Amino acid sequence: VEVVSRGAGAHIARMEVRSVQEITGAELCKAACCNLGESFETNASVDVHYSDAVTGAKQIQLLGLSGIYTQLMVDNIPGLYGLAQPYGLSYIPGTWMNAIQISKGCASVVDGYSSLTGQINTNTMPPDGEQRMALNGLINSMLGYEGNFVGRLRLTEKISTNLMLHAANSKHKHDNNGDGFLDMPMNTRFNARNKWKFHINKYTMLMFTVNGVYEERQGGQLSYYETPQPVDAYGINIKTKRLEALLKGGHEFNDVFNVAFKSSASYHNQVSFFGRNTYNATEKTAYFNSVFQGAFDDFSYHSFSTGLSFYYDDYVEDLFVNTVEGAEASTLGGVLLNDTTLTMTEIVPGAYFEYTFNKENYTIIIAGLRADYPNNYGIFVTPRFHLRYTLNDDNVFRASVGKGYRTTHLLSEHTSLLASSKQLVILDDLKMEEAWNYGLNYTRYLTLNDREMTINLSAYRSHFVNQVIVDMDHDYRYVYFYNLDGRSFSNVLQAEMNYELFRGLDMVLAFRYQDVKATEMSGELLRLPMVNRYKGLLNLSYGTRLDKWRFDYTLQVNGDQRLPVPSYAVDNEIYDFQDEAPAYCIMNAQVTKNFRYWSIYLGAENLTNYKQDNPIVSPSDPFSEYFDSSRVWGPITGIKVYLGFRFILD
């Protein structure tokens, strides 16, 4: 007798102390999910936005704040930061991903001090998993295509490996809005990832991974690609080479004590130009973290984790900015980032201790404290606290409070600003960013018609002690960077419901409200620009008996956003001083036909063909002082249809 049950594609991890939402492989198949940046379309907690209208760079938002405040992990090791942050979401193809865990609020002190708003971990396919081979191919209406391969090989009972390959190409030039610029950059990308797992003995395990990425993005005006090329044509080219290696292992002494470590090293090189601006950068990183776990008693009511960590980050950035004709010097003074070579080496040794009280999984308390000593800032302490209280099997309460810190890297984190005529000015000696995060979460499980309904309510507040303000409101010609002088906070309320309406039809219904504000140099407390005031989500997924057919539909309602409006403005019709972006809806749909080992799917994104009007300011004169491609608040490309297949052999 074989008993089969179908679980939800995304769910709140019931036994986790923190509020962790797990996105499984089944959820990732609800959309084309070409890469990590496109895997949150059915998720109400994470937003993904284009950074600008020409480079195709994407960034996430969690708890109303930019993705730079979220710690991104790959196989539970920190990654996709620094130079990889603007384009890193495209470096992990959907076929490679086994599951994604989204944790809101402060993370554990074990993983460091930098997660101010949360943590997103992506698990890639394990070398000893059930999936022996997977193939995936995709083509879309913009004539972009990609292919993916994952293959596993068990060499011996103790040694296994897998190989993951990815290739993507999009060379067709599209200008559907007629502004003379490519709607999306042309792209060529190759990725390879090789994982090895060694079961040395019953108690010891090692895992080694090597990963490589090559990518080239080409964008700008259509005239840039004409022959002969016009003298005043605007082009963009970004070439990226990235190589990284990861090693982790663990040893179990007995049922109580064990030790583990995880480490990584990476090399990232970017050679790029944006019109007449040139930006070349190299980053070298190394990371090591050790964990020793044990218990104070035989019942494991009182346990602990402790260890040492080390982080090394070396930056070399060369920036050449061709100042537009007639540009004036900033009246506020400051350091102008123009023809600049920036170098920074950050060395951060650290230590931590975390105590856990667990009373039969009904009451769990985790209290952690870590100390880090960066060479550029001096020692600082990070406290964090988590509570999970289970009233009964159907009611779970969670609470968290903790502090977070991060170092700002202006150029790599705001590369999209180089695709404009704005000049970058640093007004202060920028300090380390520092913030507190508070969170409350309540999960209720109900049984209706013999099917479980999950209701999840959450409230989070992020409060900055210091923040590097990115001010685009003072003067349309400049972007000012300076330390916070006043208040800066993010308040987020969210309600979400998951329920199987009837056999085979799953529904996710969610609503989120955000109040995100910061004090700028004028002394005024303003809404943070490019942040939705609210968001609504409806996802319906229906599978026929034996899952031979699957139909998926997603509706997103994105609330209004404030747009930067410089107080120092000019009366010029070329420049768009619209102060608010309207609310809009996005609809996606997909139909999948499953066979024994393979499936084909046909889908469409942005079914209503909604597009932002004039995403680029002054596109006809990209070398003028008005040119700006960073005022992107909505879709650029309109409807996109795709056709693909999957082949999976377990």
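C29 counts as partly exposed, with a relative accessibility of 30%. C106 is another story: this cysteine is buried, at a relative accessible area of 1%. So do any cysteines pair up here, and how many disulfides does a search of the whole structure find? The search finds zero. Keep in mind as you read on that this is a predicted model.

**The two cysteines, step by step**

- Why is C29 called partly exposed? Its 30% relative accessibility falls between the 20% and 50% cut-offs, so "partly exposed" is the label it gets.
- C106, at 1%, is under the 20% cut-off, and therefore it is called buried.

**The whole chain**

- The protein chain holds two helices and 38 strands.
- How does its radius of gyration fit the globule rule? The value is 25 Å, close to the 26 Å that the rule gives for 650 residues, so the chain is as compact as a globular protein of that length.
- If you drew a box around the C-alpha atoms along the principal axes, it would be roughly 75 × 55 × 50 Å.
- Of the 650 residues in the chain, 57% are buried.
- Take the contacts with a separation of 6 or more: 66% of them join residues that are 24 or more positions apart.
- The accessible surface adds up to about 27,300 Å², and carbon and sulfur atoms own 58% of that.

**A six-stranded sheet**

- A quick reminder before we look at sheets: their strands pair through backbone hydrogen bonds, and they can do this parallel or antiparallel.
- One open sheet has six strands, in the order β1-β2-β8-β9-β6-β7, with mixed pairing.
- Which strands sit at its edges? They are β1 (10-12) and β7 (77-78), and each of them pairs on one side only.
- β1 runs antiparallel to β2 (residues 20-24), and three bridges join the two.
- For a spot to find in the viewer, try I12, which stands opposite Q21 in β2.

**A four-stranded sheet**

- Another open sheet has four strands, ordered β19-β24-β28-β27, and its pairing is mixed too.
- Here the edge strands are β19 (335-336) and β27 (468-471), each pairing on one side only.
- You can see both kinds of pairing around β28. With β24 (residues 423-426), β28 (residues 478-483) runs parallel, and four bridges join them.
- With β27, β28 pairs in the antiparallel sense, over four bridges.
- To trace these pairings residue by residue, note that I426 has F481 in β28 as its bridge partner, while D471 stands opposite Y480 in β28.
- How many residues lie between β27 and β28 in their hairpin? There are six.

**E244, a buried residue in β15**

- You'll find E244 in strand β15, which covers residues 235-252.
- Is E244 buried or exposed? Its relative accessible area is 15%, which is under the 20% cut-off, so E244 is buried.
- The E244 side chain makes a polar contact with the side chain of R242, at 3.4 Å.
- Once you set aside neighbours within four places in sequence, E244 is in contact with R193, T209, V210, N211, A265 and S266.

**F489, a buried residue in β29**

- F489 lies in strand β29 (residues 488-502), and it is buried, with a relative accessible area of 6%.
- F489 and S462 are 27 residues apart in sequence, but their C-alpha atoms are 5.4 Å apart in space.
- S462 also turns up among the residues that F489 touches beyond four places in sequence; the others are R461, D515, V516, K517 and L525.

**Y513, a partly exposed residue in β30**

- Y513 is found in strand β30 (residues 505-519).
- At 36% relative accessibility, Y513 counts as partly exposed.
- How far apart in space are Y513 and T554? They are 19 Å apart, C-alpha to C-alpha, with their positions 41 residues apart in sequence numbering.
- Leaving out neighbours within four places in sequence, Y513 is in contact with N491, V492, L493, R533 and Y534.

Methods. Residues are numbered from 1 along each chain as its sequence is written. This is a predicted model: local features need pLDDT of at least 70, side-chain atom pairs count only at pLDDT 80 or more; totals for chains, interfaces and linings use all residues. Side-chain values use heavy atoms; hydrogens and water are left out. Buried means under 20% relative accessible area, exposed over 50%, partly exposed in between (1.4 Å probe, protein chains only). A polar contact is a pair of N or O atoms within 3.5 Å; within protein, one must be able to donate a hydrogen and the other to accept it, and residues adjacent in sequence count only if both atoms are side-chain atoms. Contact means heavy atoms within 4.5 Å. A disulfide is a pair of cysteine sulfur atoms within 2.5 Å. Two strands pair if DSSP finds at least two bridges between them. The radius of gyration is taken over C-alpha atoms; the globule rule is 2.2 Å times the number of residues to the power 0.38. Accessible areas come from the Shrake-Rupley method with a 1.4 Å probe; for residues, only the protein chains shown count as cover.
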